[in-house]
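Please open the model in your viewer, switch to a cartoon display and keep the selection tool at hand. The tour below moves from one selection to the next and says what is to be found at each stop.

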Amino acid sequence: MLRFGVLGAGRIGKVHARTIAASGKAKVAYLADAMPKAAADLAAEVGAKVASVEDIIKAKDVDAILIATPTPFHAEQIEAGSNAGKAVLCEKPVSLSVARIEECLKTVEKNKTKLMIGFNRRFDPNFAALQKRLREGAVGEIEMATIISRDPGPPPMDYVRISGGLYRDMMIHDLDLARFLVGEDFVTVSALGASLVDKAIGEAGDVDTAAVQMQTASGKICVITNSRRASYGYDQRIEVHGSKGMLRAGNVHNTTVELATAEGFREDPILHFFTERYGQAYANEVLSFIDAVTNGSPISPNGIDGLKAQQLADAATESWKTGKPVKVA
């Protein structure tokens, strides 16, 4: 029974703690949060004790640390967990600074720490099944991938100002997904961006509507589009075209029921929020981490995946600002 210390009892912390508690393979031993009531309420729900971050990391009856705290704390807490001999599952990103990620990963490598970065979309059942078929050669040689991600609405401005920008905050999931699907690293990034949803986002120096084109050294292309506005729900679609055909995964609807009348066919709406749309993905992510730590199997996505996604996000941000393609080292 793997014993977890969960750092952060906010929205994602709750999702992960509940998965651990229901897994039958692990338990939440301790919880920490800057808001005492949030920590106490979640601890009572999952049968854990409340303690400080420092005490949890040092605790001898903790095997793994799950980091669901704000981004500025991630790298420091990964290092502390690694130095304490714990396995670590950390929400993305490791840091908004590539240099800081590289520094953090030196500690992880030195300690041979098992580290997973929370790119949960790799664990979505539909996307994972599509990627498996790609690796099996279902469409032959991959030539082009298209990823569409649109939120129902923009986040609060207080969050926008500290998020690092759309490319580093929202699109970073799609940048990692692109590497997961295509199976190669991208070497050129070209980005467009605009503030079309909320003028205040543009005034804060960010965009709410964006498109990125990327290419690998072998020529494979990926196009990603993001929007902070989708009036019809949480729009998440992918398509991969290859030499023998095409694979695609569509949106998930509230139900599969269709109504047919003289006016035509009508489906139920698509799921409206990310914790609903990716609920199974979050659960699969945690269960995969538990299995890898318990069985000693390789962890993916790991710290290097986190670093490479951040490098692409930085390149996209630079390309948007300069209006020029950016080479990725």
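Begin by selecting helix H13, residues 303-322, in this predicted model; helix H13 lies across strands S8, S9 and S15, and its direction makes an angle of about 50° with S8.

Now show the sheet to which those strands belong, an open sheet of seven strands with mixed pairing, whose order reads S12-S11-S7-S10-S9-S8-S15. At its edges stand S12 (245-249) and S15 (326-327), and because each of them has a single partner strand, one side of each is left without a neighbour in the sheet.

Within this sheet, select S7 (residues 142-150) together with S11 (residues 235-242), two strands that run antiparallel and are joined by eight bridges. If you display Ser 149, you will find it opposite Gln 236 of S11.

Add helix H9, residues 171-182, which lies across S7, S8 (186-194), S9 (209-216), S10 (221-227) and S11, running at about 155° to S7.

Next, turn to the nonpolar residues. The largest nonpolar core holds 67 residues, of which Phe 4, Tyr 167, Leu 181 and Met 214 touch the most other members, and the element that gives the most to this core is H9, with seven residues. Select Leu 181 and look beyond its neighbours within four places in sequence: its contacts there include Leu 130, Leu 134, Ile 142, Ile 147, Ile 238 and Val 240, as well as Gln 131 and Arg 135. Another core, of 26 residues, lies apart from the one just visited, and among its members are Ile 56, Leu 115, Phe 119 and Ala 309.

Move on to the other open sheet, in which six strands with parallel pairing follow the order S3-S2-S1-S4-S5-S6. Its edge strands are S3 (49-50) and S6 (115-118), each of which pairs on one side only. Four bridges join S5 (residues 87-91) to S6, and Glu 91 has Gly 118 in S6 as its bridge partner. Helix H12, residues 279-295, packs on this sheet, touching S1 (2-7), S2 (26-32), S4 (64-67), S5 and S6, with its direction at about 160° to that of S5.

As a last stop, select H4 (residues 74-83) and H5 (residues 98-111), whose axes come within 9 Å and cross at roughly 10°; as that angle is under 35 degrees, H4 is therefore roughly parallel to H5. Among the residues making the contact are Ala 75, Ile 78 and Glu 79 of H4 and Arg 100, Cys 104 and Val 108 of H5, and the residues of this contact divide into four nonpolar, four polar and five charged.

Definitions and conventions:
Residues numbered from 1 in each chain as written. Predicted model: local features only at pLDDT ≥ 70, side-chain atom pairs only at ≥ 80, totals over all residues. Heavy atoms only, no water. Pairing = 2+ DSSP bridges. Contact = heavy atoms within 4.5 Å. Axes fitted to C-alpha atoms, helices over the stretch in contact; angles between N-to-C directions. Core = buried A, V, L, I, M, F, W, Y, C linked by side-chain atoms within 4.5 Å. Buried < 20%, exposed > 50% of the residue type's maximum accessible area, 1.4 Å probe, protein only. Parallel < 35°, antiparallel > 145°, perpendicular 65-115°, else oblique. Nonpolar A, V, L, I, M, F, W, Y, C, P; charged D, E, K, R; others polar.
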